[in-house]
Amino acid sequence: MLIGLVRDSVMQCFCHTCRAPGILPAATEIRCQEKSRGGLSYEVILAEPAPNVAVPKRPVTPGKNVSVEEIEQKLKAAEERRISLEARKMAEISIKLAKVEEATRKKDEITNEFITQTKEQLETKMETHVEKREAIISDMKEKLKIHAQEIEKTRETLEQQKANEQKAIEEKLKTAQALRDENIKKMLNRLKEHNTIKIAEIKTQNNQLENQKLEEKARIIENKLYTAEQNREKELLKKIEKAQKLERRAEVVRQNKAQTQDMEGQQSPIASSG
């Protein structure tokens, strides 16, 4: 609208200069170019003067006497026409300016509405993101808690199994010792009839055999206990390592949450100042 207004004003000024409003010379050219946003540049190219052109002469009017009153009436009519023309131009300019102001106001309203809607959408998205993040963190904490309880339960179960196995081994050793003693007694009772050397040799052989058997059994039991202890330690180490990884992951999530809260706290004064 402003561009059209400026163009109309330039055209009217140029037409007044040519003393023929609304009519340009035949070889006159006006070029319009937009130099910047909202700015125009007009270039008026006038025709070359035509040589040997006959200037039209005014028709000779018969002389007549013009009175002062007629001259004053003509001047008054011309002044009224000029005032009417200026009033009409001012009215047109006022209408155009009103349209420009209305367009600017509508543009401002649309811009403010867009800013408000965008701000509300961003706030809604941020609230949803924060709720989802808190839900994920709570879920991870709950899972870590359950996993820690399972680890503790597994450790107690392994300790109970170890105690039960140790108790069973001790009972087996006691039973084996009682059986060995019983067998020795029976053998001694059977060998009482033999001579002292034979009895001593047999007793020694029996003791050696029993000791070897007992040592072999004890070695086998120790190996089993050692293997079971190693397996239990490996299992505990795996579970502890897994729990540490989960704890580190939870720590990273907490740090990210703290950084995000710090960034939001820094952005809040900026948003409020804006």
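Me: What makes a run of residues a helix here, and where is Glu127 found?
Reply: A helix is a DSSP run of H or I with at least four residues. Glu127 is found in helix H2, residues 68–190. Keep in mind that this is a predicted model.

Me: Why is Glu127 called exposed?
Reply: Exposed means over 50% relative accessible area. Glu127 has 51% relative accessibility, so it counts as exposed.

Me: What makes Glu127 part of a negative surface patch?
Reply: Like charges are joined within 9 Å, provided the residues have over 30% relative accessible area and no salt bridge. Glu counts as negative. The patch is formed by Glu120, Glu123, Glu127, Glu131 and Glu134.

Me: Which residues form a nonpolar patch on the surface?
Reply: Met90, Ile93 and Leu97 do, with about 260 Å² of accessible area together. Met90 lies in helix H2. Met90 reaches 52% relative accessibility, and exposed begins over 50%, so Met90 counts as exposed.

Me: How do you know that Glu79 and Arg82 meet in a salt bridge?
Reply: The cut-off is 4 Å between a side-chain nitrogen of Lys or Arg and a carboxyl oxygen of Asp or Glu. For Glu79 and Arg82 the N to O distance is 2.2 Å, so the pair is a salt bridge. Both residues lie in helix H2, three residues apart, about one turn of the helix.

Me: Why is Glu79 called partly exposed?
Reply: Partly exposed lies between the 20% and 50% limits. Glu79 has 34% relative accessibility, so it counts as partly exposed. Arg82 has a relative accessible area of 38%, so it is partly exposed too.

Me: What makes Arg180 buried, and what is Asp181?
Reply: Buried means under 20%. Arg180 has 14% relative accessibility, so it counts as buried. Asp181 has 30%, so it is partly exposed. The two form a salt bridge, with the closest N and O atoms 3.6 Å apart.

Me: How do you know that Arg219 forms a salt bridge with Glu216?
Reply: Their closest N and O atoms are 1.9 Å apart. The limit is 4 Å, so the pair qualifies. Both lie in helix H3, residues 196–273, about one turn of the helix apart. Arg219 has 40% relative accessibility and counts as partly exposed. Glu216 is partly exposed at 35%.

Me: Which residues do salt bridges that share partners join into one network?
Reply: Glu79, Arg82 and Glu86. The count of salt bridges comes to 13.

Note on methods:
Residues are numbered from 1 along each chain as its sequence is written. This is a predicted model: local features need pLDDT of at least 70, side-chain atom pairs count only at pLDDT 80 or more; totals for chains, interfaces and linings use all residues. Side-chain values use heavy atoms; hydrogens and water are left out. Patches are made of residues with over 30% relative accessible area and no salt bridge: like charges are joined within 9 Å, nonpolar side chains (Val, Leu, Ile, Met, Phe, Trp, Tyr) within 5 Å. Accessible areas come from the Shrake-Rupley method with a 1.4 Å probe; for residues, only the protein chains shown count as cover. The place of a charge is taken as NZ of Lys, CZ of Arg, CG of Asp or CD of Glu. Helices (H or I, at least four residues) and strands (E, at least two) are DSSP runs, numbered from the N terminus. Buried means under 20% relative accessible area, exposed over 50%, partly exposed in between (1.4 Å probe, protein chains only).
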